[in-house]
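Could you walk me through this model in my viewer, one selection at a time? I would like to know what to click on next and what is there.

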Amino acid sequence: MKGIVVVMAVVIAVASYLIYPGTPSNASSLIFKGFVPLPSNGTLSILDYLTVSGDELFVTNESSGDVYRVHIGKDVLPTASDVARLPGEPAAHGVVIDPTSHLAFVTRSDANSVDIFDPARMAAIKRIPVADDPDAIFYDEVNKLVYVASGDSHLATLVDPSTQATVATIALGGKPEFATLDASTRLLYQSLHDTSSIAAIDIAKRTVAQRWPLQGCVAPTGMAIDEIHRRLFIACGANAVLAVFDLTEHRVVAAIPIGKGPDSVAFDPGLHRIYTTGKSGVLVVIQLDEPNTYRILDTVHLHYGAHTLTVDLATHVLYVAYAGMVVNPRVAVFIPRP
């Protein structure tokens with residue numbers, strides 16, 4: 001009987017931890033401002049990508065397929081009244097905004113589509129079929145195209161926002177995760193999860209220009225770019241390090257230990273600060289001192305499943321997506337400590 005009581009106590013403790021996220025642990029570099037609650041009708045809500053566009057934050061719910069638009073006014077923590085919802089079908093992933101048409105595009109891997117919606121009215125407009133398992137999405141401001149990475153298909157699909165149609169596909173030679181554009185070279189860098197490599201994609205020519213192995217980085221996922229210092233910051237999902245890739249020498253020049261299951265990376269060039277988080281719910285804050293010299297400022301314990309984040313470069317506010325079980329999903333808001 002005593003053993004059953006102990007087991008039940010453990011089960012209740014674990015369930016309580018998963019259902020009711022606590023306050024993040026203390027940090028010397030960040031101030032936790034609070035949570036933004038998001039609506040959900042499901043028992044489990046796993047949030048995925050976050051995208052800042054002007055004074056709006058877009059968040060996707062992979063479980064329900066919902067897309068949320070959060071108004072992020074300056075110096076004010078958003079509340080439930082600042083949130084609008086676009087219902088959809090699972091699984092929603094990345095969102096981008098076309099600055100010309102002001103329309104939004106969201107990937108849906110269950111439907112194998114990119115859905116166009118009006119972010120002002122949060123209303124669906126059109127569905128565009130793409131290659132299987134679309135996930136990351138990126139707007140290429142140079143070529144005025146939407147780039148869609150499809151994991152299972154090992155393909156990228158290019159969508160023309162002006163015609164709302166696909167114009168090409170690019171064979172990537174591996175399973176794509178995140179991508180980022182280098183404005184100086186006009187190349188888009190794509191992490192390839194299953195080959196532990198980086199591909200440089202020339203979107204104008206519709207081809208992979210070059211590819212390089214990532215020494216010491218296994219199963220790359222999220223990525224960010226420091227264009228001034230010519231560095232990529234890459235989360236290595238299988239061995240829990242942040243790899244720093246030199247875009248001039250085309251090699252890994254530093255590896256920084258981070259939380260387990262890393263999935264997301266953001267870089268704030270104004271503060272020279274890198275943020276990472278992953279499935280273990282550990283937020284790591286890294287300071288860039290020199291192009292090959294980095295310091296860990298903080299290791300902040302969040303909540304299991306808080307695996308994606310983004311930073312508003314205009315305000316330096318950091319947003320981290322939490323999963324929700326029974327209780328609503330939420331976004332944690334941090335500001336840099338003076």
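Start by selecting Cys 236: in this predicted model, Cys 236 is buried, with a relative accessible area of 0%. Now add Cys 217, which is buried too, at 2%. Draw the bond between them and you have a disulfide, with an S to S distance of 2.1 Å. The pair links distant parts of the chain, 19 residues apart: Cys 236 sits in strand β20 (residues 231-236), and Cys 217 in the loop between β18 (207-213) and β19 (220-226). Look along the S-S bond and you will find a left-handed link, at -110 degrees. A search of the whole structure finds one disulfide, so there is no need to hunt for another.

Next, switch to charged side chains, where the count comes to 11 salt bridges.

Select Arg 69 and Glu 56, whose closest N and O atoms are 3.9 Å apart. Arg 69 is in strand β5 (residues 67-71) and Glu 56 in strand β4 (residues 56-61), so this salt bridge ties together parts 13 residues apart in sequence. Arg 69 counts as buried at 19% relative accessibility, and Glu 56 counts as buried at 19% as well.

Move on to Asp 66 and Arg 85, which meet in a salt bridge at 3.1 Å, N to O. Asp 66 lies in the loop between β4 and β5, while Arg 85 belongs to strand β6 (residues 83-86). Asp 66 is buried at 5%, whereas Arg 85 is partly exposed at 33%.

For the last stop, select Glu 89, Arg 108, Asp 115 and Arg 127 together: a network of salt bridges links them. Within it, Asp 115 and Arg 108 meet at 2.9 Å, N to O.

Note on methods. Residues numbered from 1 in each chain as written. Predicted model: local features only at pLDDT ≥ 70, side-chain atom pairs only at ≥ 80, totals over all residues. Heavy atoms only, no water. Disulfide = S-S within 2.5 Å. Helix = DSSP H or I, 4+ residues; strand = E, 2+ residues; numbered from the N terminus. Buried < 20%, exposed > 50% of the residue type's maximum accessible area, 1.4 Å probe, protein only. Salt bridge = Lys/Arg side-chain N within 4 Å of Asp/Glu carboxyl O.
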